[in-house]
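Me: I would like to go through this model step by step. Could we begin with the terms and then turn to the structure itself?

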Amino acid sequence: MTDLRLRLAGITRESVVDGPGIRAVVFAQGCPHRCKGCHNPETHDPRGGRVLALDEVLDQMRLTPIVRGVTFSGGEPFMQAEGFALLGRRLKLVGLDIVTYTGYTWEALTSPAAPAAWRELLDVTDILVDGPFVESERDTAIAFRGSRNQRIIDVRGSLRLGTVVDLSWKYDQIGFAGASK
């Protein structure tokens with residue numbers, strides 16, 4: 001076991017709007033982006049929320065068989081990339097997929113100057129929703145995103161090909177109801 005801890009704003013046991021299928025959601029506390037019009041402004045303060053050990057996080061999630069995967073949202077999960085990567089590895093061991101939301105772009109996350117822990121979190125992430133929320137591009141008709149500048153990225157495919165594999169069109173086309181297919 002590890003003594004690594006995460007500062008969290010909260011945990012939602014079941015959601016259908018934070019990625020494909022029924023998902024648990026872990027909300028990171030702390031965000032440097034502070035996007036105007038943010039859906040979760042209470043997560044901005046890096047001193048807010050509460051600190052939990054990884055085992056406590058898993059206990060509070062109380063995962064049920066209907067949960068397909070876990071979404072890391074925020075706040076900004078990449079501010080605590082090492083802890084979220086470790087949590088992701090543990091969740092993968094029980095067969096769950098991982099969606100990570102971030103205000104950073106794919107290009108920033110994969111740049112040579114990016115911290116090594118960012119790559120660790122990308123390595124356990126199946127789908128990445130990247131980019132800051134831009135209020136002037138808000139669109140409630142698109143799947144799993146708040147604004148049109150954000151992308152739904154196939155992480156493994158993008159890492160393998162060395163270019164962004166954007167799945168936004170796919171999820172927008174099939175909509176929320178079909179997104180779990």
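Reply: The expected span of a helix is 1.5 Å times one less than its number of residues. Helices (H or I, at least four residues) and strands (E, at least two) are DSSP runs, numbered from the N terminus.

Me: What kind of model is this, and how are residues numbered?
Reply: This is a predicted model, in which local features need pLDDT of at least 70, side-chain atom pairs count only at pLDDT 80 or more, and totals for chains, interfaces and linings use all residues. Residues are numbered from 1 along each chain as its sequence is written, and side-chain values use heavy atoms, with hydrogens and water left out.

Me: How long is helix 2 from its first C-alpha to its last?
Reply: Helix 2, residues 81-92, reaches 16 Å between those two atoms with its twelve residues. That is close to the 16 Å expected at 1.5 Å a residue.

Me: Which of its residues are buried?
Reply: In helix 2 they are A81, G83, F84, A85, L87, G88 and L91. Buried means under 20% relative accessible area, exposed over 50%, and partly exposed in between (1.4 Å probe, protein chains only).

Me: Is there a general point about helix geometry to keep in mind here?
Reply: An α-helix has 3.6 residues a turn, so residues three or four places apart point the same way.

Me: What do the buried residues of helix 2 pack against?
Reply: Their partners are strand 1 (5-15), strand 2 (23-28), helix 1 (54-61), strand 4 (69-73), strand 5 (97-101) and helix 4 (116-124). Contact means heavy atoms within 4.5 Å.

Me: Stepping back, how many helices and strands are there, and in what pattern?
Reply: The protein chain has six helices and seven strands. Along the sequence they follow β-β-β-α-β-α-β-α-α-β-β-α-α.

Me: Why does the radius of gyration agree with a compact globule?
Reply: It agrees because a compact globule of 181 residues would have a value near 16 Å, and the protein chain has 15 Å. The radius is taken over C-alpha atoms, and the globule rule is 2.2 Å times the number of residues to the power 0.38. Along its principal axes, the C-alpha trace spans about 40 × 35 × 35 Å.

Me: What share of the residues is buried, and what share of the contacts is long-range in sequence?
Reply: Buried residues make up 49% of the 181 in the protein chain. Of the contacts with a separation of 6 or more, 66% join residues 24 or more positions apart.

Me: And the charges?
Reply: There are 22 positive and 22 negative side chains, and the centres of the two sets lie 2 Å apart. Lys and Arg count as positive and Asp and Glu as negative, while His and the chain ends are not counted. The place of a charge is taken as NZ of Lys, CZ of Arg, CG of Asp or CD of Glu.

Me: Now the loop between strand 4 and helix 2. Is E76 buried or exposed?
Reply: E76, which lies in that loop, counts as buried because its relative accessibility is 0%.

Me: What does E76 touch?
Reply: Leaving aside residues up to four places away in sequence, E76 touches A28, G30, C31, P32, H33, Y101, T102, G103 and Y104. The C-alpha atoms of E76 and G103, 27 residues apart along the chain, are separated by 6.9 Å.

Me: What about P32, from that list?
Reply: P32 lies in the loop between strand 2 and strand 3 (50-53) and is partly exposed, with a relative accessible area of 46%. With the same exclusion of residues up to four places away, P32 touches E76, M79 and Y104.

Me: Where is there unusual backbone geometry?
Reply: As background, most residues other than glycine have a negative phi, and most peptide bonds are trans. A cis peptide bond joins G74 and G75, with omega about 15°, and G75 lies in the loop between strand 4 and helix 2. R62, not a glycine, has a positive phi of about 40° and is found in the loop between helix 1 and strand 4.

Me: What is phi for F144, and where is that residue?
Reply: Phi of F144 is near 60°, a positive value. F144 is in the loop between strand 6 (127-130) and strand 7 (151-154) and is buried, with a relative accessible area of 6%.
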